[in-house]
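Please look over the sequence and the structure below. This short report covers aromatic rings and nonpolar cores.

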Amino acid sequence: MNTDLRPRGPFRYGDRVQLTGPKGRMHTVTLREGGELHTHHGVLPHAKIVDLPDGSVVSNSAGHDYLALRPLLRDFVMSMPRGAAIVYPKDAAQILAAADIFPGARVVEAGVGSGALSLWLLRAIGAEGTLTSYERREEFAEVAKANVETFLGHVPENWDVVVGDLVEHLPSTVRPGSVDRVVLDMLAPWECIDVAADALAPGGVVLCYIATATQLSRVAEYLRGTGLFTEPEATETMVRGWHVEGLAVRPDHRMVAHTGFLITARRLAPGAIPPDVRKRAAKKPSYSDEDVEIWTPGAVGDREITDKNLRKRMREAQRAAGGARQVTENATGDDVD
């Protein structure tokens, strides 16, 4: 089956299309037979978009023009149905660089959330790599799989989604020392460091995406305490846009500032002790038992999505995935499970 069905060619029913209309207002729709985009500016039948090339301009019933484009991956993840909070594109790009995700890499990810980071990882590892994603909540896993299918047009064969806790399932699903990269996006990633260390090959990278400074501190101290990793490195990424029109060149008034911290470390070879570790071992810890208490997951806090809202997101994601499946079937002439 041709797996490169989504990014090229004229628009088809089932395609996800980004429509930019009057005053820059953006709408993202899935093209359906008999479907229409209704706004206070008029009605735009989906049939007017089908068979047009990407980047076309089409008018609605009131004569207003809309620019039709297939969403870039960064556009898609910002508008797709969400079960859990997503990893923003600016952080996803840094994760790919900081963790050195390469074509053919064997990558472990937890948790999968809404599938935003999974999409970036799947693109980076290519067809020769493997991605194993762990998610504790089955509802989130279903939303993530539907979102990935919507964007790619199929569920990749090299992607395995395991519903369950990484600590419990990782030892039984991957061989020790066989993983190149481990990416942890969760409330208490330090709980997974020991099993991640067992799974990683010497020189492999563990990366944690975390929201707060207390989490950052806890992860760094835990990595140091294992004696199995290099000195952890922590970063924060901020993106500031610029207004550029003629000689009017200035920073935008708004920017995408803090969304999370990244902390990375590399797996040492068995028995290896870096020089800086010997020096640090002679010093007293810089934290107390009281500090450990505020590091607990309960103290850090977590935002929960309601069951009703989650069911709505699941339906949205599955409808979009159904449209993508229709495009795949029409293009290949095959039935896709």
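How many aromatic pairs does a search of the whole structure find?

## The aromatic pair

The search finds 1 aromatic pair. Bear in mind that this is a predicted model. The partners are phenylalanine 76 and phenylalanine 151. Their ring centres are 5.1 Å apart, and their planes meet at 45°. That makes the pair tilted.

The two rings come from distant parts of the chain, 75 residues apart. Phenylalanine 76 belongs to helix α1, residues 73-79. Phenylalanine 151 belongs to helix α4, residues 138-152.

Are these rings buried or exposed? Phenylalanine 76 is buried, because its relative accessibility is 2% and the cut-off for buried is under 20%. Phenylalanine 151, at 15%, is buried too.

## A charge over a ring

Another phenylalanine has a charged partner. Arginine 137 sits over the face of phenylalanine 140. The distance to the ring centre is 4.7 Å.

## The nonpolar cores

In soluble globular proteins, nonpolar side chains tend to be buried together. Here, the largest nonpolar core has 34 residues. Val77 and Ile101 touch the most other members. Helices α1, α2, α3 and α4 each supply at least two residues, and so do strands β9 and β11. The largest share comes from α3, with 8 residues.

Take a look at isoleucine 101. Beyond its neighbours within four places in sequence, isoleucine 101 contacts Ile95, Leu96, Val107, Leu121, Ala124, Ile125 and Arg181.

There is also a second, separate core, of 31 residues. Among them are Ala188, Cys192, Ala220 and Ala265.

Conventions
Residues are numbered from 1 along each chain as its sequence is written. This is a predicted model: local features need pLDDT of at least 70, side-chain atom pairs count only at pLDDT 80 or more; totals for chains, interfaces and linings use all residues. Side-chain values use heavy atoms; hydrogens and water are left out. Rings of Phe, Tyr and Trp (its six-membered ring) pair if their centres lie within 6.5 Å; planes under 30 degrees apart count as stacked, over 60 as edge-to-face and the rest as tilted. Helices (H or I, at least four residues) and strands (E, at least two) are DSSP runs, numbered from the N terminus. Buried means under 20% relative accessible area, exposed over 50%, partly exposed in between (1.4 Å probe, protein chains only). A charge sits over a ring if NZ of Lys or CZ of Arg is within 6 Å of the ring centre and within 35 degrees of the ring normal. A nonpolar core is a set of buried Ala, Val, Leu, Ile, Met, Phe, Trp, Tyr and Cys residues joined through side-chain atoms within 4.5 Å. Contact means heavy atoms within 4.5 Å.
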